[in-house]
Amino acid sequence: MEILRVNNFSVTYDGEHNAADHVSFSMEQGDIVCIVGESGSGKSTVLHGVLGLQSPGAVSKGRVTLFGSDLSKLSKAELMKLRGEQVAMIFQDTGRYLNPISRVGRQFDAFLRYHVRMSDDELHALEKDMLQRVHLQDVDRVLSAYPFELSGGMRQRVGIAMAMALKPKLLLGDEPTSALDVTVQAQVVRQMMDLRDKYGTSLLIVTHNMGVAAYMSDYLGVMQRGRLVEWGRTEDVIRDPQTDYTRKLLKSVIGLNDARLKGAAV
Ligand SMILES: Nc1ncnc2c1ncn2[C@@H]1O[C@H](COP(=O)(O)OP(=O)(O)O)[C@@H](O)[C@H]1O
Ligand SMILES: [Mg+2]
């Protein structure tokens, strides 16, 4: 089932240059899609478009269809409902959205209670489970801590745990693991993939990290100066990239990503 279609989506911030330039792609339920591109290539602009978020002054064109609804036709209330329950977003600095002076557990409680009905026991079991999945140690201590008592990487993992807790149908990530060190990054990436395997969650992740993208995705896109210059099944893109730019990005991770790249070459 198709859950997302982005059709000729363009955004300009200054009326002249397109930060996103006629971007089109679609994804089916259960797909893991990664879009790679260097800083400034328009990844965040596209991802925000999928959520119907826009910076002041931005002008967009084209159409985004999410779970069969044309985003431009949804009311604010309908959009909010969609965002909370069907779609969740992990920002690069998701941990920063935590209130620094309220305990993590209280914020996690409030977040979950806003969206689902659960007993206190169920709530706390879910919170602990999610925090363990992002490989936080001593989850009781994390829940009773204030965000300022945690490291930036720990706060980011709390944010990821919260986004994953509602088991959204579609999880969006804007460089979700870039701020984490490499070992933790790999663990968190695997947990996100596990959501798909267990709950059929679709993932749309934008990142500048070709290694992560090639490793986790079923479909891979490459953005350059606002355009989606490459798109296809990840195996196909790795085996037969259509642009020199993609070839260059892939070259830089050969070796780091041997298993996937070798697997694709067979
Ligand atoms: N709020 C904004 N106002 C003006 N220009 C912006 C804004 N957000 C992004 N841009 C510009 O749009 C282009 C794409 O940015 P962005 O989508 O953030 O790229 P990426 O996420 O790939 O780094 C860049 O040239 C950036 O400077
Ligand atoms: Mg960005």
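**A walk through the rings, the ligand shell and two unusual backbones**

Lys169 lies over the face of Phe67, 5.7 Å from the centre of the ring. Keep in mind as you look that this is a predicted model. A second lysine is placed in a comparable setting: the charged end of Lys167 sits over the ring of Tyr199, at 5.0 Å from the ring centre.

From here, let us turn to rings that meet other rings. How many aromatic pairs does a search of the whole structure find? There are four. Take Phe91 and Tyr97 to begin with: their ring centres are 5.3 Å apart and their planes meet at 25°, so this pair counts as stacked, because planes under 30 degrees apart fall in that class. The two partners can be told apart by their accessibility. Phe91 has a relative accessible area of 21% and is partly exposed, whereas Tyr97, with 56%, is exposed.

Tyr146 and Phe148 also make a stacked aromatic pair, with 5.8 Å from centre to centre and 10° between the planes. Here Tyr146 counts as partly exposed, at 24% relative accessibility, while Phe148 counts as exposed, at 56%. If you would like to see rings joined into a group, look at Phe25, Tyr219 and Trp231, which ring pairs link into a cluster.

Now move to the ligand. Which residues surround ligand 1? The shell is made up of Tyr13, Ala19, Glu38, Ser39, Gly40, Ser41, Gly42, Lys43, Ser44, Thr45 and Ser55. By character, these shell residues divide into two nonpolar, seven polar and two charged. Helix H1, which covers residues 43-50, gives the most to this shell, with three residues.

Several polar atoms of the protein can be followed to oxygen atoms of the ligand. In the side chain of Thr45, an N or O atom is 2.5 Å from an oxygen atom of ligand 1. For the side chain of Ser44, the corresponding distance from an N or O atom to a ligand oxygen is 2.8 Å. With Ser41 the backbone takes part instead: one of its backbone N or O atoms lies 3.2 Å from an oxygen atom of ligand 1. As for cover, ligand 1 exposes 550 Å² when taken alone, and the protein buries 57% of that.

The next stop is a link between two strands. Ser10 is found in strand S1 (residues 2-12), and His22 has its place in strand S2 (residues 18-28). A polar atom of the Ser10 side chain lies 2.8 Å from the backbone nitrogen of His22. Are these two residues buried, partly exposed or exposed? Ser10 counts as buried, because its relative accessibility is 6% and the cut-off for that class is under 20%. His22, at 48%, counts as partly exposed.

His22 deserves a second look for its backbone. Most residues other than glycine have a negative phi. His22 is not a glycine, yet its phi is positive, at about 50°. Glu175 has a positive phi of about 50° as well, and it is not a glycine either. Where does Glu175 lie? You will find Glu175 in the loop between strand S7 (170-174) and helix H7 (182-199). At 8% relative accessibility, Glu175 counts as buried, while His22 counts as partly exposed.

Notes:
Residues are numbered from 1 along each chain as its sequence is written. Chains are lettered from A and ligands numbered from 1 in the order in which they are written. This is a predicted model: local features need pLDDT of at least 70, side-chain atom pairs count only at pLDDT 80 or more; totals for chains, interfaces and linings use all residues. Side-chain values use heavy atoms; hydrogens and water are left out. A residue is near a molecule or strand if one of its heavy atoms lies within 4 Å of it. A polar contact is a pair of N or O atoms within 3.5 Å; within protein, one must be able to donate a hydrogen and the other to accept it, and residues adjacent in sequence count only if both atoms are side-chain atoms. Accessible areas come from the Shrake-Rupley method with a 1.4 Å probe; for residues, only the protein chains shown count as cover. Helices (H or I, at least four residues) and strands (E, at least two) are DSSP runs, numbered from the N terminus. Ala, Val, Leu, Ile, Met, Phe, Trp, Tyr, Cys and Pro count as nonpolar, Asp, Glu, Lys and Arg as charged, and the others, Gly among them, as polar. Rings of Phe, Tyr and Trp (its six-membered ring) pair if their centres lie within 6.5 Å; planes under 30 degrees apart count as stacked, over 60 as edge-to-face and the rest as tilted. Buried means under 20% relative accessible area, exposed over 50%, partly exposed in between (1.4 Å probe, protein chains only). A charge sits over a ring if NZ of Lys or CZ of Arg is within 6 Å of the ring centre and within 35 degrees of the ring normal.
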